Amino acid sequence: MTTPQRNLYGRRRGPKLRDNRATLMRDRMDHYAALSGETGDGLDLAALFPEQRKFWLEVGFGAGEHVAAQAAQNPDVGILACEHYLNGVASCLAHLEKAALTNVRVHNGDARDLMDRLPDGSLERVFVLYPDPWPKARHHKRRFINPENLEAFARIMADGATLRVASDIPDYIDWTLEHLAARDEFVLLGDAESGFREPWSDWPGTRYEAKALREGRTPAYLTFQRKPR
Ligand SMILES: C[S@@+](CC[C@H](N)C(=O)[O-])C[C@H]1O[C@@H](n2cnc3c(N)ncnc32)[C@H](O)[C@@H]1O
């Protein structure tokens with residue numbers, strides 16, 4: 001399987017990692033890596049998660065608090081966690097180590113490269129939490145919620161699987177509703193009258209969300225279900 005050439009926007013590195021984080025990346029990233037040592041063909045999820053039978057994906061986990069919390073709450077689920085920002089990956093590894101979590105595998109790179117390798121219908125849940133808003137109209141095509149990625153989600157999500165999208169940007173919320181409504185494979189769950197203001201019952205929050213709330217923005221929590229094929 002060849003990896004298509006795609007543009008990836010946003011920063012990949014921040015300030016130099018502190019020594020303990022650099023050591024963590026050097027010594028433990030191989031252990032957590034979702035794609036290392038595999039051939040480039042389809043990902044063997046049963047081999048990656050020998051003790052789990054259900055698999056979830058988080059795209060753009062930031063500093064990794066949400067994925068660590070979900071992994072702790074759901075030890076029977078194997079979670080694939082993608083983030084291309086190195087400093088965020090190092091932070092996530094620190095959370096995983098601190099809680100001794102064994103059911104997360106991390107892709108330090110473009111989530112789309114990992115999604116390409118997932119078998120059809122293999123995921124029970126997908127999280128896209130506070131995706132980069134790309135507010136300028138000329139940058140909208142960079143948004144992660146887009147026809148190509150929704151096509152990929154429709155392929156890799158199992159029948160009945162759920163896609164959770166959170167955003168604090170009204171235009172991105174409308175954009176997400178419109179892009180999902182344009183597809184046959186998904187149905188929106190919940191009551192539109194409510195404005196989707198109620199977080200999921202198992203919601204631990206994210207770092208980006210905390211900042212949005214501090215700055216007075218109101219998030220929406222959207223859930224879509226993959227219809228039966
Ligand atoms: C606004 S931040 C939100 C981070 C986190 N979900 C939170 O709520 O705190 C969006 C994140 O998505 C990551 N990201 C964007 N596109 C990505 C891609 N194609 N693959 C992996 N990560 C991506 C960015 O690096 C960034 O950390």
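Trainee: Let's start with helix H3: which of its residues are buried?

Mentor: Happy to begin there, and keep in mind that this is a predicted model. H3 covers residues 65–73 and sits in a right-handed β-α-β unit with E1 and E2. Its buried residues are His-66, Val-67, Ala-68, Gln-70 and Ala-71.

Trainee: Which elements do the buried residues of H3 pack against?

Mentor: Two of the partners are the strands that join H3 in the β-α-β unit, E1 and E2. Counting the others as well, the buried residues of H3 pack against E1, E2, H4, E3 and E4.

Trainee: Is strand E1 largely enclosed or largely open, and how many of its residues are buried?

Mentor: E1 runs from residue 54 to residue 59, which gives six residues to check. It is largely enclosed by the rest of the structure, because the number of buried residues among those six is five.

Trainee: Which strands pair with E1, and which residues stand opposite Val-59 and Glu-58?

Mentor: E1 and E2 (residues 77–82) run parallel and are joined by six bridges. E1 also pairs in the parallel sense with E4 (residues 123–129), over four bridges. On the E2 side, Val-59 faces Cys-82. On the E4 side, the residue opposite Glu-58 is Phe-127.

Trainee: Which residues have the most contacts inside the largest nonpolar core, and how many residues does that core have?

Mentor: In soluble globular proteins, nonpolar side chains tend to gather together in buried positions. Here, the residues with the most contacts inside the core are Val-67, Leu-80, Ala-81, Cys-92, Val-104, Leu-123 and Val-126. The core's residue count is 52.

Trainee: What does Ala-81 touch, apart from residues up to four places away in sequence?

Mentor: Ala-81 is one of the residues with the most contacts inside the largest nonpolar core. Some of its partners are on that list too, including Val-67, Cys-92 and Val-104. With that sequence limit, Ala-81 touches Glu-58, Phe-61, Gly-64, Val-67, Cys-92, Val-104 and Val-106.

Trainee: Turning to the ligand, which residues come nearest, and which element gives the most to the shell?

Mentor: There are 23 residues around the ligand, and those that come nearest are Gly-60, Gly-62, Tyr-130, Thr-206 and Tyr-208. Helices H5 (111–115) and H8 (207–214) are the elements that give two or more residues to the shell. By class, the shell has eleven nonpolar, six polar and six charged residues. The element that gives the most, with three residues, is H8.

Trainee: Ala-100 and Tyr-130 both have a positive phi; which one is buried and which one exposed?

Mentor: Ala-100 has phi near 50 degrees and lies in the loop between H4 (86–98) and E3 (104–107). Tyr-130, with phi of about 50 degrees, is in the loop between E4 and H6 (147–156). Ala-100 has 7 C-beta neighbours inside 10 Å, so it counts as exposed. Tyr-130 has 21 such neighbours, so it counts as buried.

Trainee: Where is Lys-227, and what is the separation between its C-alpha atom and that of Thr-162?

Mentor: Lys-227 is in the segment after strand E7 (220–226). It counts as partly exposed because it has 14 C-beta neighbours inside 10 Å. Apart from neighbours within four places in sequence, Lys-227 contacts Glu-185, Phe-186 and Val-187. Thr-162 is 65 residues away along the chain, and the C-alpha separation is 9.5 Å.

How values were computed. Residues numbered from 1 in each chain as written. Predicted model: local features only at pLDDT ≥ 70, side-chain atom pairs only at ≥ 80, totals over all residues. Core = buried A, V, L, I, M, F, W, Y, C linked by C-beta atoms within 7 Å. Buried ≥ 20, exposed ≤ 12 C-beta atoms within 10 Å, placed from the backbone. Contact = placed C-beta atoms within 7 Å. Pairing = 2+ DSSP bridges. Right-handed = clockwise from strand over helix to strand, strands pointing away. Near = placed C-beta within 6 Å. Nonpolar A, V, L, I, M, F, W, Y, C, P; charged D, E, K, R; others polar.
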